[in-house]
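Here are my notes for you, point by point. Keep the 3D view open while you read and find each spot as it comes up.

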Amino acid sequence: MFRLTEYMHQLVKPSPVRVRNPDRAVKPVVIWNLTRRCNLKCRHCYTVSADVNFPGELSEQQAFETLEDLGQFKVPAIILSGGEPLDSPYWLPLAQRARKLTRVLALSTNGTKIHGDAADQVADVGFNYVGISIDGIGETNDWFRGVDGAFDAAVRGVRELKKRGVRVGLRFCLTEGTQHHLPDLLKLCDDEGVDKFYLSHLVYAGRGDKNRGEDAHHQMTRKGMDLLLERAWESASGGRELDIVTGNNDADAGYFMQWAAERFDTDKCANLRDHLVAWGGNSSGLGVANIDFLGKVHPDTYWSDYTVGNVKTTPFSELWTGDDQMLATLRTRPRPLKGRCGACAIKDVCGGNTRIRALQVTGDPWAEDPACYLSNSEIGVDEAERLSVTPFRGKKHDPQHQFF
């Protein structure tokens, strides 16, 4: 996750770079898919959820045993997700216990069920943040999320939580079919008093892989980032407050550095770069982990084809600190990147971007990320050094035994 507004403040009031916590590699933010069940049918769903019960999900006892392990392991944050997490039969007692075990507790929801008693329950848990996903205004959102009325129901959820004093954010996936609504969604944030706006770039996983043709063209991505940069600057320089973050395309940090270089002096830009290098970009398998609805542990929420192990049989803390080769390689800096990513002059900032996209397109997780929207000249790559990226046509990879 790229915290745009946080780093924008470095241009307003520069501060020294904080030394990275050496425990970061083994104390990740855990995104936990409590259930695969969901009442919506989103086109970018990485879990391919549906409004049915799925077999094999963690029992309540298994979930609570896992939660206690996460608490003893002292993970810094837990994000409860789905499917739709409120469809889990034990989401409430689990959230109540999680609140006592971790410093930051968040909820990632489609928001459509947050009203009445459910809104009271969410507010009473004391989540640090509730992210509600909206992908366009009105009919566009409903088309993208597969259910009529989803937009109105999600906005109702925002309003119900704001009335109860809960910190709320909107989550938006940028695609060809939704990018024209970005200005309207930022206005919606202002109109509804939303605290945070999260722009997610499309990741080629689940239905997001099937619908990868809808990924925003690079120029459209740049246009969207231009809008976010200006809004983040407004907030950081004393205007209307809105915390803006982006996810799943760490090239955003490189684009931000270019924006800053055109407007600020060398010292401020150098300090900004130092902060971004300390951040390090993509944190799959390093600062973020995923537990899916079956109990499988992955480097992030989109790496469903690669499993480190299962919390049904081995505690998360043991899996995350074991000798898994993929995790070890993901934690390497620099990573063994190829193509443009390998030759990139700012790979210390972006960390090689999103590896799962490279894997889905080429069959190799270390190939260049096809969604990097920076030009060769912008990342210091000679055109002659570029390696061509061709679609992967072979058999489905065996994630346990390849790429090392």
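1. Start with helix α1 (residues 4–12) and helix α11 (residues 266–279) in this predicted model. Their axes come within 9 Å of each other and cross at roughly 150°. Angles over 145 degrees count as roughly antiparallel, so α1 is roughly antiparallel to α11. The crossing of α1 past α11 is right-handed.

2. Now zoom in on who touches whom in that pair. On the α1 side, look for Y7, Q10, L11 and V12. On the α11 side, the partners are K268, N271, L272, H275, L276 and W279. What classes do the residues of this contact of α1 with α11 fall into? Six are nonpolar, three are polar and one is charged.

3. Stay with α1, since it also packs against α10 (251–261). Here the angle is about 25° and the axes are 12 Å apart. Angles under 35 degrees count as roughly parallel, so α1 and α10 are roughly parallel to each other. This crossing, too, is right-handed.

4. Which residues of α1 and α10 make the contact? From α1 you'll want L4, Y7, M8 and L11, and from α10 they are F256, W259 and A260. Sort them by class and you get seven nonpolar residues, with no polar and no charged ones. Have a look at Y7 and L11 while you're there: they turn up in the contact of α1 with α11 and again in the contact with α10.

5. Next, move to helix α7 (residues 182–192) and helix α9 (residues 218–236). Their axes come within 10 Å and cross at roughly 25°, so α7 is roughly parallel to α9. Once more, the crossing is right-handed. In this pair, L182, P183, L186 and D190 of α7 meet G224, L227, L228 and R231 of α9. The class count for this contact is five nonpolar, one polar and two charged.

6. What about holes inside the model? Searching the whole structure turns up two cavities of 30 Å³ or more. The largest has a volume of about 110 Å³. It is lined by 15 residues, and the closest to its centre are C341, C344, C350, C372 and I379.

7. Which elements give two or more residues to the lining of the largest cavity? They are α10, α14 (339–343) and α15 (347–350). So you've met α10 already, as the helix that packs with α1 at about 25°. The lining of the largest cavity is made of eight nonpolar, two polar and five charged residues.

8. Finally, some backbone details to check by eye. The peptide bond joining G82 and G83 is cis, with omega about 10°. You'll find G83 in the loop between β2 (77–81) and α3 (91–101). Another cis bond runs from R333 to P334, with omega near -5°, and P334 sits in the loop between α13 (325–330) and α14.

9. One last stop is K74. What is the phi of K74? It is positive, at about 65°, although K74 is not a glycine. Look for K74 in the loop between α2 (60–73) and β2.

Terms used. Residues are numbered from 1 along each chain as its sequence is written. This is a predicted model: local features need pLDDT of at least 70, side-chain atom pairs count only at pLDDT 80 or more; totals for chains, interfaces and linings use all residues. Side-chain values use heavy atoms; hydrogens and water are left out. Axes are lines fitted to C-alpha atoms, for helices over the stretch in contact, and angles run from 0 to 180 degrees between N-to-C directions. Helices (H or I, at least four residues) and strands (E, at least two) are DSSP runs, numbered from the N terminus. Angles under 35 degrees count as roughly parallel, over 145 as roughly antiparallel, 65 to 115 as roughly perpendicular and the rest as oblique. A crossing is left-handed if the near helix is turned anticlockwise from the far one by less than a right angle, and right-handed if clockwise. Contact means heavy atoms within 4.5 Å. Ala, Val, Leu, Ile, Met, Phe, Trp, Tyr, Cys and Pro count as nonpolar, Asp, Glu, Lys and Arg as charged, and the others, Gly among them, as polar. On a 1 Å grid over the protein atoms alone, a cavity is a set of points where a 1.4 Å probe fits but cannot get out, and a pocket is an open set with protein on both sides within 12 Å along at least five of seven lines; lining residues have an atom within 4 Å of a point. Grid points are joined across faces, edges and corners, and a volume is the space filled by probe spheres set on the points.
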